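Student: Please take one part of this model and go through it closely, then follow its connections outward to the rest of the chain.

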Amino acid sequence: MMITRRAFTAALSLTGLTALAGFSPLRLITDAMAQGADVAKPQSLPDMALGPANATVTITEYASMTCPHCAAFTEKVFPKIKSEFIDSGKIRFVFREFPLDIKAAAGSMLARCIAKDDAPKFFAVIDLLFKQQNDWMVKNTTETLSRIGKQAGLTQAQVEDCLKDQALLDKIAADQKFAAEVLKVQSTPTFFINGEMLKGEQSFEEFSKRINSLLKS
């Protein structure tokens, strides 16, 4: 599905994201074709990851910042995975953006701008965005994202510049297109555990079972 420029601009005006009105539309692909790609390879944007690069097990999450199931995973399951497997150096966890709407894209852009190349900071920002998801997704998006950006040390001008960054949005959209067309990601959250796809929100017990099995093999 392609968001037309007219629909894109109208959506921005309704959500208060008029600063983004000049952006090209995001491609939201639902009918993807499998092409046997390597999920471990980052595409347009550098990976945001925690854990050693040479870990035996790598989990890659594709998430949308406006996805309630992604928020629930981040709140309830991810802290246990981090405590049990990431902090001990047993696994590597990669977060990749798969925005399902323009608000999700804006949240992802802000997280990238705040964190720059600091992965732990990036994970802290997305945790905050997920915790306050209802505020910035349902209410005044621009105002709330600006407040979060300022809390993280950005000025109002830096927040505005971030949300107008065409190159950044293009990279997020390109990565999303790759994930949809090549990796067959069609919903969020979608996880890959050493390349094997796992769709939807899962329990810590399910992750633990799969991780331990791979660690033993």
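Tutor: Strand 2 (residues 57–63) and strand 4 (residues 190–193) run antiparallel and are joined by 4 bridges. One of the pairings sets Y62 opposite T190 in strand 4. The model is a predicted one, and what follows is computed from its atoms.

Strand 2 also pairs with strand 3, here in a parallel arrangement with 7 bridges. Within strand 3, R92 stands opposite T58. Of the 7 residues of strand 2, 6 are buried, so the strand is largely enclosed by the rest of the structure.

These pairings belong to an open sheet of 5 strands in the order 1-3-2-4-5, and the pairing in the sheet is mixed. Its edges are strand 1 (48–50) and strand 5 (196–199), each of which pairs on one side only. On average, neighbouring strands of the sheet are turned by 20 degrees against each other, direction ignored.

The segment leading into strand 4 has two features of backbone geometry. T188 and P189 are joined by a cis peptide bond, with omega about -5 degrees. P189 is in the loop between helix 8 and strand 4, and K184 has its place in the loop between helix 8 and strand 4 as well. K184 has a positive phi, near 70 degrees, in a residue other than glycine. With a relative accessible area of 38%, K184 is partly exposed.

Next comes the helix that lies on the sheet. Helix 2 (residues 68–86) lies across strand 1, strand 2, strand 3 (91–97) and strand 4, and runs at about 155 degrees to strand 3. Helix 2 also packs against helix 9 (residues 204–216), at an angle of about 30 degrees and with the axes 10 Å apart. The two helices, helix 2 and helix 9, are therefore roughly parallel to each other. The crossing in which helix 2 passes helix 9 is right-handed. On the helix 2 side the residues that meet helix 9 are F73, V77, K80, I81, E84 and F85, and on the helix 9 side they are F204, F207, S208, I211, N212 and L215.

Two cysteines in this region of the sequence can be added. C70 counts as buried, at 0% relative accessibility. C67 is buried too, with a relative accessible area of 5%.

Helix 8 (residues 166–181), which precedes the loop already described, packs against helix 3 at an angle of about 115 degrees, with their axes 10 Å apart. That makes helix 3 roughly perpendicular to helix 8. The crossing of helix 3 with helix 8 is right-handed. Helix 3 makes the contact through A105, S108, M109, R112 and C113, and helix 8 through L168, L169 and I172.

C113 has a second role in the geometry of this part. A disulfide joins C113 to C162, with an S to S distance of 2.1 Å. The bond links distant parts of the chain, since C113 is in helix 3 (residues 102–115) and C162 in helix 7 (residues 156–163), 49 residues apart. The torsion about the S-S bond of C113 and C162 is about 95 degrees, so the disulfide is right-handed. Both C113 and C162 are buried. The count for the model comes to 1 disulfide.

Beyond helix 3, K116 lies in the loop between helix 3 and helix 4 (119–131). K116 is a residue other than glycine with a positive phi, near 55 degrees. K116 is exposed, with a relative accessible area of 59%.

Finally, the chain as a whole. The secondary structure of the protein chain comes to 9 helices and 5 strands. From the N terminus on, the elements run α-β-β-α-β-α-α-α-α-α-α-β-β-α. Of the 217 residues, 48% count as buried. Among contacts between residues at least 6 apart in sequence, 77% join residues at least 24 apart. The pairing of strand 2 with strand 4, where this description began, sits inside the strand order 1-3-2-4-5, with helix 2 lying across both of these strands.

Note on methods:
Residues are numbered from 1 along each chain as its sequence is written. This is a predicted model: local features need pLDDT of at least 70, side-chain atom pairs count only at pLDDT 80 or more; totals for chains, interfaces and linings use all residues. Side-chain values use heavy atoms; hydrogens and water are left out. A disulfide is a pair of cysteine sulfur atoms within 2.5 Å. Buried means under 20% relative accessible area, exposed over 50%, partly exposed in between (1.4 Å probe, protein chains only). Two strands pair if DSSP finds at least two bridges between them. Axes are lines fitted to C-alpha atoms, for helices over the stretch in contact, and angles run from 0 to 180 degrees between N-to-C directions. Contact means heavy atoms within 4.5 Å. Angles under 35 degrees count as roughly parallel, over 145 as roughly antiparallel, 65 to 115 as roughly perpendicular and the rest as oblique. A crossing is left-handed if the near helix is turned anticlockwise from the far one by less than a right angle, and right-handed if clockwise.
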